[in-house]
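Colleague: Got a minute? I'd like to go through this model with you, piece by piece.

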Amino acid sequence: MNPRSFLFVLILISGTYASSIMSVNGQSLLNSQVDNQVSDITPEIQQIALKHLSRRIGIPVEYLQIEHVYRPNFRNLKQAGLGFVVIDKRDGKIYDVVLNKNNPNEELDVNKLREEDNKVFISKYGKLDPQLFNSLASISEQDLLRVVIEVYMGQQSPGSKLPDAIPGANITLEELESYHNKLAQQRNRENQATVNPVAQRIRQLGFEATANPNFPFIYATLPRRVIKQLESWEEVQKISLDEINKAELEIAPLAIGSNIVHNRGYTQGKRI
């Protein structure tokens, strides 16, 4: 196996692992995607999905083939779908089509539903994980909760940037490993430049805060009033109960490029 093939397999495996972790909190992604066998879906519904996609992309149905089925669930909207990953048998291009679970003749606009679902979530919970939101309602002002604070990665450390793509067509495994190490160091610097100042601000409030060196997370034990104060900080993206998240955050590997495959979605590098 050449270095590039080895890297692709590594990224694909890591992306699948990252997807399983992100589905725990996954407000930024489809809330629930349960894999199903294509054979579990009736041929009639499969044909409906292919016809919807065929009209949208202008490719005849006979050139399209369903490869994978999943079930997107927009819980805050009480809306569920039936999703199909489809390939063009001629060139291998991948497409995505989602039908209304309760009315398969209706194709769903996933991007629109995702935005609406997220708006409903934010209007109810703000930046708080639902379980943390409920916990705050049941504790006193003196009680402390161990939380994980996710920091928005809007600012990055200065300096030259390495591209995500691996340079050079013919490289050895040693060169590939060296490049990975440099890219990991770059991302760690960017992470620390963003996370450390927020952790210091928490310490200035009189509470210990531990910054994750590799990921944009901070661990802290805080009272309700401080958690609500942090929610108003622009740098804070989300606050969750530590019991739910910490184990997963700490064991998640720093898989260089694993988020690229997952976050780009299915169709020609774009999320449908």
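Modeller: Sure, here is a walk through the chain, its helices and its cores.

Modeller: One thing up front: this is a predicted model, where local features need pLDDT of at least 70, side-chain atom pairs count only at pLDDT 80 or more, and totals for chains, interfaces and linings use all residues. Residues are numbered from 1 along each chain as its sequence is written, and side-chain values use heavy atoms, with hydrogens and water left out.

Colleague: OK, what does the pLDDT come to for the protein chain?

Modeller: The average is 76, and 68% of the residues score at least 70. By pLDDT we mean the predictor's confidence in each residue, from 0 to 100.

Colleague: Which elements have the lowest and the highest mean pLDDT?

Modeller: Helix H8 (residues 258–263) has the lowest, 37, and S8 has the highest, 95. Watch residues 1–35 too, where the pLDDT is below 50. Residues 244–272 are also below 50.

Colleague: How many helices and strands are there?

Modeller: Eight helices and nine strands. Those are DSSP runs numbered from the N terminus: helices are H or I with at least four residues, strands are E with at least two.

Colleague: And how much of the chain is buried?

Modeller: Buried residues make up 40% of the 272 residues. Buried means under 20% relative accessible area, exposed means over 50%, and partly exposed is in between (1.4 Å probe, protein chains only).

Colleague: Let's look at H3. What span should it have?

Modeller: Helix H3 covers residues 110–125, so at 1.5 Å a residue its 16 residues should span 22 Å. The end C-alpha atoms are 22 Å apart, which agrees. The expected span is 1.5 Å times one less than the number of residues.

Colleague: Which residues of H3 are buried?

Modeller: Val110, Leu113, Arg114, Asp117, Phe121 and Tyr125. They sit on the same side of H3, because they cover an arc of only 100° around the axis. That arc is taken from the directions from the helix axis to the C-beta atoms.

Colleague: What's on the face turned away from that buried side?

Modeller: Exposed residues: Glu115, Lys119 and Ser123.

Colleague: And what do the buried ones pack against?

Modeller: Strands S2 (73–74), S3 (79–88) and S4 (94–100), plus helices H4 (130–136) and H6 (224–231). A contact here means heavy atoms within 4.5 Å.

Colleague: What happens at the ends of H3?

Modeller: Asp109 caps the N-terminal end, with a side-chain oxygen 3.4 Å from the backbone nitrogen of Asn111. Just after H3, Gly126 takes a positive phi of about 65°.

Colleague: You mentioned H6. Which of its residues are buried?

Modeller: Val226, Ile227, Leu230 and Glu231. Their arc around the axis is only 150°, which puts them on the same side of H6. They pack against H3, H4, S6, H5, S8 and S9.

Colleague: Switching topic: which residues touch the most other members in the largest nonpolar core?

Modeller: That core has 24 residues, and the ones touching the most other members are Leu132, Ile149, Ile202, Ile218, Leu222, Ile227 and Ile239. The elements giving two or more residues to this core are H4, strand S6 (144–151), helix H5 (173–204), strand S8 (217–223), H6 and strand S9 (236–241). Apart from it lies another core, of 14 residues, including Ile59 and Val69. A nonpolar core is a set of buried Ala, Val, Leu, Ile, Met, Phe, Trp, Tyr and Cys residues joined through side-chain atoms within 4.5 Å.

Colleague: What is Ile202 in contact with?

Modeller: Leaving aside neighbours within four places in sequence, Ile202 contacts Ile149, Phe207, Ala209, Ile218, Leu222, Leu230 and Trp233.

Colleague: Now Val151: buried or exposed?

Modeller: Val151 is buried, with a relative accessible area of 1%. Val151 lies in strand S6. Not counting residues up to four places away in sequence, Val151 touches Thr194, Val195, Val198, Pro216, Ile218, Glu235 and Gln237.

Colleague: And what about Glu150?

Modeller: Glu150 is found in strand S6 too, but Glu150 is partly exposed, at 23% relative accessible area. Among the residues Glu150 touches, beyond four places away in sequence, are Pro216, Phe217 and Lys238.

Methods: Polar contact = N/O pair within 3.5 Å; in protein donor to acceptor, adjacent residues only side chain to side chain.
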